[in-house]
Amino acid sequence: MKIKIGSDILQIKKFKAAFKKYPEKFERDIFSIRELKNSEISHLAGIFAAKEAAIKALDLKPGRSWKLIEVKNLKSGKPVLNFSQLADKKNIRSYDLSISHHGDYVIAVVAVLLK
Amino acid sequence: MKKSPLIKILSLISNKKSGRIHQESRLVRDLKLDSLMRIELVAQIEKQLGVEIDEAKINPQTKVEDLERLIREKPKKEIKFKISSWQLHPLIKLIRKILYKIIAFPVLAIFAPVEVSGQEFLEDLDNPVIFMANHTCTLDSPAVVRVLPSRFKNNIALATATDVLYEHFKWAKDLVILIYNTYPFPRFGQIKSGLDHTQELIDKKWSILFFPEGKESVSGKINQFKRGTGFLAVKMGCPVVPIRIWGAREIIPPHCHFPKKRGKISVKFGKPLYFKKKMTSDEATELIEQAIQGL
(Lines give C-alpha, C1' and ligand atoms only; values in the text may rest on other atoms or scores of the structure.)
Protein backbone atom coordinates (compact mmCIF):
# COMPACT_ATOMS: atom_id res chain seq x y z
CA MET A 1 0.00 0.00 0.00
CA LYS A 2 1.17 3.45 -0.79
CA ILE A 3 0.11 6.88 0.44
CA LYS A 4 0.28 9.82 -1.93
CA ILE A 5 -0.38 13.43 -1.02
CA GLY A 6 -1.01 16.65 -2.91
CA SER A 7 -1.72 20.21 -1.84
CA ASP A 8 -2.43 23.60 -3.33
CA ILE A 9 -2.69 27.12 -1.91
CA LEU A 10 -4.47 29.91 -3.72
CA GLN A 11 -5.00 33.62 -3.19
CA ILE A 12 -8.73 34.18 -3.62
CA LYS A 13 -8.25 37.71 -4.98
CA LYS A 14 -6.06 36.38 -7.83
CA PHE A 15 -8.48 33.54 -8.50
CA LYS A 16 -11.39 36.02 -8.66
CA ALA A 17 -9.49 38.18 -11.18
CA ALA A 18 -8.63 35.18 -13.38
CA PHE A 19 -12.19 33.83 -13.19
CA LYS A 20 -13.62 37.22 -14.16
CA LYS A 21 -11.16 37.53 -17.04
CA TYR A 22 -11.57 34.03 -18.48
CA PRO A 23 -15.01 32.77 -17.41
CA GLU A 24 -15.39 30.66 -20.56
CA LYS A 25 -12.11 28.82 -19.87
CA PHE A 26 -13.20 27.92 -16.37
CA GLU A 27 -16.71 26.90 -17.49
CA ARG A 28 -15.49 24.83 -20.42
CA ASP A 29 -12.36 23.17 -19.06
CA ILE A 30 -12.23 23.34 -15.26
CA PHE A 31 -15.54 23.26 -13.42
CA SER A 32 -18.59 21.04 -13.81
CA ILE A 33 -22.11 22.51 -14.08
CA ARG A 34 -22.83 21.27 -10.55
CA GLU A 35 -19.70 22.98 -9.16
CA LEU A 36 -20.61 26.24 -10.87
CA LYS A 37 -24.14 26.22 -9.39
CA ASN A 38 -22.65 27.59 -6.20
CA SER A 39 -20.97 30.53 -7.79
CA GLU A 40 -19.65 32.11 -4.57
CA ILE A 41 -16.07 32.93 -5.49
CA SER A 42 -14.24 31.75 -2.38
CA HIS A 43 -16.08 28.43 -2.63
CA LEU A 44 -15.00 28.03 -6.26
CA ALA A 45 -11.44 28.91 -5.31
CA GLY A 46 -11.53 26.10 -2.76
CA ILE A 47 -12.78 23.69 -5.40
CA PHE A 48 -10.02 24.76 -7.78
CA ALA A 49 -7.37 24.21 -5.08
CA ALA A 50 -8.89 20.81 -4.24
CA LYS A 51 -8.79 19.69 -7.87
CA GLU A 52 -5.17 20.81 -8.22
CA ALA A 53 -4.27 19.00 -5.01
CA ALA A 54 -5.95 15.83 -6.32
CA ILE A 55 -4.13 16.15 -9.65
CA LYS A 56 -0.82 16.32 -7.80
CA ALA A 57 -1.67 13.45 -5.44
CA LEU A 58 -2.67 11.20 -8.32
CA ASP A 59 0.25 12.23 -10.59
CA LEU A 60 -2.19 13.31 -13.26
CA LYS A 61 -1.53 15.71 -16.08
CA PRO A 62 -3.63 18.87 -15.89
CA GLY A 63 -5.86 19.65 -18.84
CA ARG A 64 -8.45 16.89 -19.23
CA SER A 65 -8.04 15.85 -15.57
CA TRP A 66 -9.83 18.95 -14.31
CA LYS A 67 -13.21 17.69 -15.48
CA LEU A 68 -12.56 14.08 -14.41
CA ILE A 69 -12.46 15.20 -10.80
CA GLU A 70 -15.53 16.78 -9.26
CA VAL A 71 -15.75 18.34 -5.81
CA LYS A 72 -19.01 18.34 -3.95
CA ASN A 73 -20.19 18.83 -0.38
CA LEU A 74 -21.93 16.30 1.80
CA LYS A 75 -24.93 17.44 3.86
CA SER A 76 -22.52 17.95 6.76
CA GLY A 77 -20.56 20.40 4.61
CA LYS A 78 -17.52 18.16 4.28
CA PRO A 79 -16.03 18.36 0.80
CA VAL A 80 -15.57 15.10 -1.08
CA LEU A 81 -14.13 14.12 -4.42
CA ASN A 82 -16.00 12.35 -7.15
CA PHE A 83 -13.53 10.73 -9.53
CA SER A 84 -15.14 7.43 -10.34
CA GLN A 85 -13.57 7.21 -13.78
CA LEU A 86 -10.11 7.43 -12.25
CA ALA A 87 -10.53 5.39 -9.09
CA ASP A 88 -10.13 1.98 -10.74
CA LYS A 89 -7.41 3.09 -13.14
CA LYS A 90 -5.31 4.51 -10.37
CA ASN A 91 -5.92 1.69 -7.84
CA ILE A 92 -7.34 4.06 -5.27
CA ARG A 93 -8.37 2.33 -2.08
CA SER A 94 -9.44 5.41 -0.17
CA TYR A 95 -8.73 9.10 0.04
CA ASP A 96 -9.42 12.20 2.08
CA LEU A 97 -9.78 15.87 1.22
CA SER A 98 -9.54 18.93 3.42
CA ILE A 99 -10.12 22.55 2.36
CA SER A 100 -9.33 25.46 4.63
CA HIS A 101 -9.95 29.19 4.23
CA HIS A 102 -7.99 31.91 6.00
CA GLY A 103 -8.50 35.52 5.01
CA ASP A 104 -7.75 35.86 1.34
CA TYR A 105 -6.21 32.39 1.06
CA VAL A 106 -7.54 28.90 0.61
CA ILE A 107 -5.56 25.69 0.93
CA ALA A 108 -6.56 22.18 -0.07
CA VAL A 109 -4.89 18.89 0.80
CA VAL A 110 -5.66 15.50 -0.71
CA ALA A 111 -4.29 12.24 0.71
CA VAL A 112 -4.78 9.07 -1.32
CA LEU A 113 -4.27 5.46 -0.24
CA LEU A 114 -3.39 3.23 -3.17
CA LYS A 115 -3.86 -0.53 -3.22
CA MET B 1 14.64 43.13 -31.19
CA LYS B 2 10.85 42.75 -31.19
CA LYS B 3 9.69 40.43 -28.43
CA SER B 4 7.54 37.50 -29.50
CA PRO B 5 3.79 37.63 -28.66
CA LEU B 6 4.34 34.67 -26.30
CA ILE B 7 6.94 36.54 -24.29
CA LYS B 8 4.60 39.52 -24.01
CA ILE B 9 1.90 37.18 -22.71
CA LEU B 10 4.31 35.59 -20.23
CA SER B 11 5.43 39.02 -19.07
CA LEU B 12 1.81 40.02 -18.43
CA ILE B 13 1.02 36.88 -16.49
CA SER B 14 4.23 36.49 -14.48
CA ASN B 15 4.63 40.21 -13.85
CA LYS B 16 8.26 40.02 -14.99
CA LYS B 17 9.69 42.47 -17.52
CA SER B 18 9.83 40.94 -20.99
CA GLY B 19 13.56 41.74 -21.16
CA ARG B 20 14.12 39.22 -18.36
CA ILE B 21 12.27 36.40 -20.13
CA HIS B 22 14.39 34.32 -22.49
CA GLN B 23 13.84 31.29 -24.65
CA GLU B 24 15.65 29.12 -22.06
CA SER B 25 13.58 30.45 -19.16
CA ARG B 26 11.68 27.68 -17.39
CA LEU B 27 8.04 28.54 -16.80
CA VAL B 28 7.88 27.18 -13.25
CA ARG B 29 11.43 27.70 -11.92
CA ASP B 30 12.17 31.09 -13.49
CA LEU B 31 8.76 32.65 -14.08
CA LYS B 32 7.16 31.12 -10.95
CA LEU B 33 4.15 29.87 -12.89
CA ASP B 34 1.61 28.34 -10.52
CA SER B 35 -1.58 26.39 -11.32
CA LEU B 36 -3.72 29.49 -11.77
CA MET B 37 -1.13 31.24 -13.94
CA ARG B 38 -0.93 28.12 -16.09
CA ILE B 39 -4.69 28.40 -16.78
CA GLU B 40 -4.30 32.10 -17.59
CA LEU B 41 -1.38 31.35 -19.92
CA VAL B 42 -3.33 28.77 -21.90
CA ALA B 43 -6.38 31.06 -22.04
CA GLN B 44 -4.30 34.04 -23.25
CA ILE B 45 -2.55 31.96 -25.91
CA GLU B 46 -5.94 30.80 -27.16
CA LYS B 47 -7.39 34.30 -27.10
CA GLN B 48 -4.49 36.23 -28.58
CA LEU B 49 -2.83 33.68 -30.84
CA GLY B 50 -5.87 31.56 -31.78
CA VAL B 51 -4.09 28.34 -30.77
CA GLU B 52 -5.34 25.77 -28.25
CA ILE B 53 -2.46 24.39 -26.17
CA ASP B 54 -2.91 21.22 -24.13
CA GLU B 55 -2.25 22.25 -20.55
CA ALA B 56 -0.78 18.79 -19.96
CA LYS B 57 2.19 19.78 -22.13
CA ILE B 58 3.25 22.44 -19.57
CA ASN B 59 5.27 20.85 -16.76
CA PRO B 60 7.99 22.06 -14.36
CA GLN B 61 10.66 21.40 -17.04
CA THR B 62 8.92 23.35 -19.84
CA LYS B 63 10.94 26.25 -21.23
CA VAL B 64 9.70 29.24 -23.23
CA GLU B 65 11.25 27.77 -26.39
CA ASP B 66 9.27 24.53 -25.86
CA LEU B 67 6.07 26.52 -25.70
CA GLU B 68 7.03 28.54 -28.80
CA ARG B 69 7.52 25.27 -30.66
CA LEU B 70 4.15 23.92 -29.50
CA ILE B 71 2.45 27.09 -30.73
CA ARG B 72 4.21 26.94 -34.11
CA GLU B 73 3.33 23.28 -34.62
CA LYS B 74 -0.31 23.63 -33.66
CA PRO B 75 -2.56 24.79 -36.51
CA LYS B 76 -4.83 27.76 -35.84
CA LYS B 77 -8.40 26.82 -35.06
CA GLU B 78 -10.47 26.58 -38.23
CA ILE B 79 -13.88 28.07 -38.65
CA LYS B 80 -15.90 24.89 -38.67
CA PHE B 81 -19.36 26.37 -38.79
CA LYS B 82 -20.69 28.83 -41.30
CA ILE B 83 -23.99 30.43 -42.23
CA SER B 84 -25.79 27.89 -44.41
CA SER B 85 -25.95 28.92 -48.04
CA TRP B 86 -29.73 28.39 -48.26
CA GLN B 87 -31.00 29.95 -45.05
CA LEU B 88 -31.13 33.58 -46.24
CA HIS B 89 -32.82 32.79 -49.57
CA PRO B 90 -36.11 34.72 -50.16
CA LEU B 91 -38.02 31.44 -50.67
CA ILE B 92 -36.77 30.14 -47.30
CA LYS B 93 -37.76 33.47 -45.74
CA LEU B 94 -41.26 32.95 -47.07
CA ILE B 95 -41.42 29.35 -45.80
CA ARG B 96 -40.18 30.55 -42.41
CA LYS B 97 -42.89 33.24 -42.32
CA ILE B 98 -45.55 30.59 -43.04
CA LEU B 99 -44.12 28.20 -40.42
CA TYR B 100 -44.22 30.98 -37.82
CA LYS B 101 -47.89 31.70 -38.60
CA ILE B 102 -49.23 28.15 -38.83
CA ILE B 103 -47.04 26.23 -36.35
CA ALA B 104 -44.60 28.12 -34.13
CA PHE B 105 -46.81 30.94 -32.87
CA PRO B 106 -50.05 28.91 -32.41
CA VAL B 107 -48.08 26.30 -30.39
CA LEU B 108 -46.48 29.08 -28.35
CA ALA B 109 -49.92 30.61 -27.71
CA ILE B 110 -51.16 27.32 -26.24
CA PHE B 111 -48.40 27.08 -23.61
CA ALA B 112 -47.12 30.59 -23.30
CA PRO B 113 -49.06 33.64 -24.47
CA VAL B 114 -46.67 36.59 -24.71
CA GLU B 115 -47.30 40.03 -23.24
CA VAL B 116 -45.21 42.87 -24.65
CA SER B 117 -44.31 46.40 -23.60
CA GLY B 118 -41.91 49.05 -24.89
CA GLN B 119 -42.75 48.57 -28.56
CA GLU B 120 -42.86 52.36 -28.93
CA PHE B 121 -39.04 52.31 -28.75
CA LEU B 122 -38.95 50.39 -32.03
CA GLU B 123 -41.10 52.81 -34.04
CA ASP B 124 -38.24 54.85 -35.49
CA LEU B 125 -35.90 51.92 -36.04
CA ASP B 126 -35.29 49.86 -39.15
CA ASN B 127 -33.03 46.92 -40.03
CA PRO B 128 -30.33 46.24 -39.04
CA VAL B 129 -30.78 46.34 -35.28
CA ILE B 130 -29.17 44.13 -32.64
CA PHE B 131 -31.65 42.93 -30.03
CA MET B 132 -29.99 41.79 -26.79
CA ALA B 133 -31.98 39.93 -24.15
CA ASN B 134 -31.48 38.07 -20.88
CA HIS B 135 -31.63 34.32 -21.36
CA THR B 136 -34.00 32.22 -19.28
CA CYS B 137 -34.97 29.20 -21.39
CA THR B 138 -35.55 27.88 -24.90
CA LEU B 139 -38.82 29.83 -25.15
CA ASP B 140 -36.97 33.17 -25.11
CA SER B 141 -36.25 33.29 -28.84
CA PRO B 142 -39.76 32.44 -30.09
CA ALA B 143 -41.28 34.79 -27.50
CA VAL B 144 -39.18 37.74 -28.73
CA VAL B 145 -39.70 36.95 -32.42
CA ARG B 146 -43.44 36.60 -31.77
CA VAL B 147 -43.78 40.22 -30.58
CA LEU B 148 -41.39 41.94 -32.97
CA PRO B 149 -42.91 44.20 -35.65
CA SER B 150 -43.09 42.46 -39.05
CA ARG B 151 -40.16 44.33 -40.57
CA PHE B 152 -37.93 42.78 -37.89
CA LYS B 153 -39.78 39.48 -37.39
CA ASN B 154 -39.27 38.49 -41.02
CA ASN B 155 -35.69 39.68 -41.15
CA ILE B 156 -34.04 38.40 -37.99
CA ALA B 157 -31.18 35.97 -37.37
CA LEU B 158 -30.48 34.35 -34.00
CA ALA B 159 -26.90 34.08 -32.73
CA THR B 160 -26.69 30.51 -31.40
CA ALA B 161 -23.96 28.77 -29.41
CA THR B 162 -21.95 26.55 -31.75
CA ASP B 163 -21.28 23.94 -29.05
CA VAL B 164 -25.01 23.57 -28.41
CA LEU B 165 -26.84 23.53 -31.74
CA TYR B 166 -24.00 22.91 -34.19
CA GLU B 167 -22.30 20.18 -32.14
CA HIS B 168 -24.48 18.75 -29.37
CA PHE B 169 -27.84 18.95 -31.19
CA LYS B 170 -26.49 18.83 -34.74
CA TRP B 171 -29.18 16.29 -35.71
CA ALA B 172 -31.76 19.09 -35.34
CA LYS B 173 -29.60 21.85 -36.79
CA ASP B 174 -31.20 22.26 -40.21
CA LEU B 175 -34.75 22.25 -38.83
CA VAL B 176 -33.87 24.89 -36.22
CA ILE B 177 -32.07 26.98 -38.87
CA LEU B 178 -35.13 26.74 -41.10
CA ILE B 179 -37.54 27.86 -38.36
CA TYR B 180 -35.42 30.38 -36.45
CA ASN B 181 -32.70 31.42 -38.91
CA THR B 182 -29.94 30.67 -36.38
CA TYR B 183 -26.28 31.25 -37.17
CA PRO B 184 -23.19 29.97 -35.31
CA PHE B 185 -21.60 32.14 -32.63
CA PRO B 186 -18.92 30.53 -30.42
CA ARG B 187 -19.35 30.90 -26.67
CA PHE B 188 -15.73 30.05 -25.88
CA GLY B 189 -12.29 30.90 -27.17
CA GLN B 190 -11.97 32.91 -30.37
CA ILE B 191 -15.24 34.60 -31.28
CA LYS B 192 -13.92 36.09 -34.49
CA SER B 193 -16.01 33.74 -36.62
CA GLY B 194 -19.17 34.80 -34.75
CA LEU B 195 -18.33 38.47 -35.26
CA ASP B 196 -17.63 37.89 -38.96
CA HIS B 197 -20.97 36.10 -39.43
CA THR B 198 -22.76 38.91 -37.58
CA GLN B 199 -21.08 41.52 -39.79
CA GLU B 200 -22.07 39.58 -42.89
CA LEU B 201 -25.71 39.50 -41.79
CA ILE B 202 -25.77 43.16 -40.79
CA ASP B 203 -24.23 44.17 -44.11
CA LYS B 204 -27.16 42.35 -45.74
CA LYS B 205 -29.58 44.33 -43.49
CA TRP B 206 -30.58 41.44 -41.24
CA SER B 207 -31.31 42.22 -37.61
CA ILE B 208 -29.79 40.06 -34.89
CA LEU B 209 -31.12 38.51 -31.68
CA PHE B 210 -28.26 37.94 -29.23
CA PHE B 211 -28.12 36.62 -25.66
CA PRO B 212 -25.14 38.23 -23.91
CA GLU B 213 -25.08 35.70 -21.04
CA GLY B 214 -24.22 32.95 -23.53
CA LYS B 215 -26.39 30.44 -21.72
CA GLU B 216 -29.69 30.14 -19.86
CA SER B 217 -29.66 31.33 -16.29
CA VAL B 218 -30.07 28.41 -13.88
CA SER B 219 -30.53 30.57 -10.81
CA GLY B 220 -33.00 33.01 -12.39
CA LYS B 221 -30.59 35.91 -11.86
CA ILE B 222 -28.93 37.49 -14.88
CA ASN B 223 -25.47 35.93 -15.38
CA GLN B 224 -22.35 37.95 -16.08
CA PHE B 225 -22.36 39.07 -19.71
CA LYS B 226 -19.77 37.66 -22.10
CA ARG B 227 -17.01 40.17 -22.81
CA GLY B 228 -17.70 39.96 -26.53
CA THR B 229 -21.09 41.63 -25.98
CA GLY B 230 -19.70 45.15 -25.86
CA PHE B 231 -17.21 44.44 -28.62
CA LEU B 232 -20.05 43.30 -30.86
CA ALA B 233 -22.13 46.38 -30.09
CA VAL B 234 -19.31 48.84 -30.80
CA LYS B 235 -17.95 47.05 -33.86
CA MET B 236 -21.29 46.62 -35.66
CA GLY B 237 -22.25 50.28 -35.29
CA CYS B 238 -26.02 49.74 -35.34
CA PRO B 239 -28.57 50.41 -32.58
CA VAL B 240 -28.77 47.90 -29.74
CA VAL B 241 -32.22 47.33 -28.22
CA PRO B 242 -32.12 45.86 -24.71
CA ILE B 243 -34.86 43.34 -23.90
CA ARG B 244 -35.95 41.83 -20.60
CA ILE B 245 -37.83 38.55 -20.51
CA TRP B 246 -39.80 37.13 -17.57
CA GLY B 247 -41.92 34.07 -17.05
CA ALA B 248 -40.40 31.66 -19.56
CA ARG B 249 -38.34 29.62 -17.09
CA GLU B 250 -41.46 28.86 -15.02
CA ILE B 251 -42.90 27.16 -18.11
CA ILE B 252 -39.75 25.28 -19.11
CA PRO B 253 -37.54 25.15 -15.95
CA PRO B 254 -33.74 24.68 -16.11
CA HIS B 255 -32.54 21.27 -17.36
CA CYS B 256 -36.01 20.54 -18.86
CA HIS B 257 -36.77 20.36 -22.57
CA PHE B 258 -40.57 20.44 -22.49
CA PRO B 259 -43.15 22.73 -20.86
CA LYS B 260 -44.06 21.78 -17.31
CA LYS B 261 -47.09 24.06 -17.16
CA ARG B 262 -48.83 26.86 -18.99
CA GLY B 263 -47.91 30.43 -18.19
CA LYS B 264 -47.46 33.97 -19.50
CA ILE B 265 -44.19 35.32 -20.85
CA SER B 266 -43.49 39.05 -20.59
CA VAL B 267 -41.17 40.76 -23.05
CA LYS B 268 -40.15 44.38 -22.46
CA PHE B 269 -38.19 46.40 -24.99
CA GLY B 270 -35.93 49.17 -23.73
CA LYS B 271 -34.67 52.40 -25.21
CA PRO B 272 -32.21 51.80 -28.06
CA LEU B 273 -28.52 52.25 -27.24
CA TYR B 274 -25.98 53.77 -29.59
CA PHE B 275 -22.25 53.20 -29.21
CA LYS B 276 -19.42 55.38 -30.44
CA LYS B 277 -16.41 53.65 -32.02
CA LYS B 278 -14.05 54.94 -29.34
CA MET B 279 -16.00 53.33 -26.52
CA THR B 280 -14.25 50.33 -24.99
CA SER B 281 -15.97 46.97 -25.16
CA ASP B 282 -16.01 46.73 -21.34
CA GLU B 283 -17.81 50.07 -21.09
CA ALA B 284 -20.32 49.00 -23.74
CA THR B 285 -20.90 45.63 -22.04
CA GLU B 286 -21.57 47.39 -18.75
CA LEU B 287 -24.04 49.81 -20.37
CA ILE B 288 -25.97 46.99 -21.98
CA GLU B 289 -25.99 44.99 -18.76
CA GLN B 290 -27.32 47.98 -16.83
CA ALA B 291 -29.95 48.67 -19.49
CA ILE B 292 -31.31 45.10 -19.35
CA GLN B 293 -31.11 44.90 -15.55
CA GLY B 294 -32.96 48.22 -15.35
CA LEU B 295 -35.96 47.09 -17.39
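**Exercise 1.** Determine whether N15(B) is buried or exposed, and describe its backbone and its place in the chain.

*Solution.* Step 1: the relative accessible area of N15(B) is 72%, so this residue is exposed (buried means under 20% relative accessible area, exposed over 50%, partly exposed in between, with a 1.4 Å probe and protein chains only). Step 2: N15(B) is not a glycine, yet its phi is positive, near 65 degrees. Step 3: N15(B) lies in the loop between α1 (5-14) and α2 of chain B (helices, H or I with at least four residues, and strands, E with at least two, are DSSP runs numbered from the N terminus).

The model is predicted: local features need pLDDT of at least 70, and side-chain atom pairs count only at pLDDT 80 or more, while totals for chains, interfaces and linings use all residues. Residues are numbered from 1 along each chain as its sequence is written, chains are lettered from A in the order in which they are written, and side-chain values use heavy atoms, without hydrogens and water.

**Exercise 2.** Carry out the same description for K205(B).

*Solution.* Step 1: phi of K205(B) is positive, about 70 degrees, although the residue is not a glycine. Step 2: the loop between α9 (192-203) and β5 (207-210) of chain B holds K205(B). Step 3: K205(B) counts as partly exposed because its relative accessibility is 48%.

**Exercise 3.** Identify the peptide bond geometry between N127(B) and P128(B), and locate the proline.

*Solution.* Step 1: omega is near 0 degrees, and the bond from N127(B) to P128(B) is cis. Step 2: P128(B) belongs to the loop between β1 (114-117) and β2 (130-133) of chain B.

**Exercise 4.** Characterise the interface of chain B with chain A.

*Solution.* Step 1: 23 residues of chain B are in contact with 23 residues of chain A (heavy atoms within 4.5 Å). Step 2: the two chains bury about 2000 Å² between them, 60% of it on carbon and sulfur atoms (buried area is the accessible area, 1.4 Å probe, that two parts lose on being put together, summed over both). Step 3: in chain B, the residues losing the most area to chain A are L36(B), I39(B) and F188(B), together 27% of what that side buries. Step 4: there are 4 salt bridges between the chains (a side-chain nitrogen of Lys or Arg within 4 Å of a carboxyl oxygen of Asp or Glu). One of them joins R38(B) to E52(A), with the closest N and O atoms 3.3 Å apart. Step 5: helix α2 (residues 35-49) of chain B supplies the largest share of that chain's side, 9 residues.
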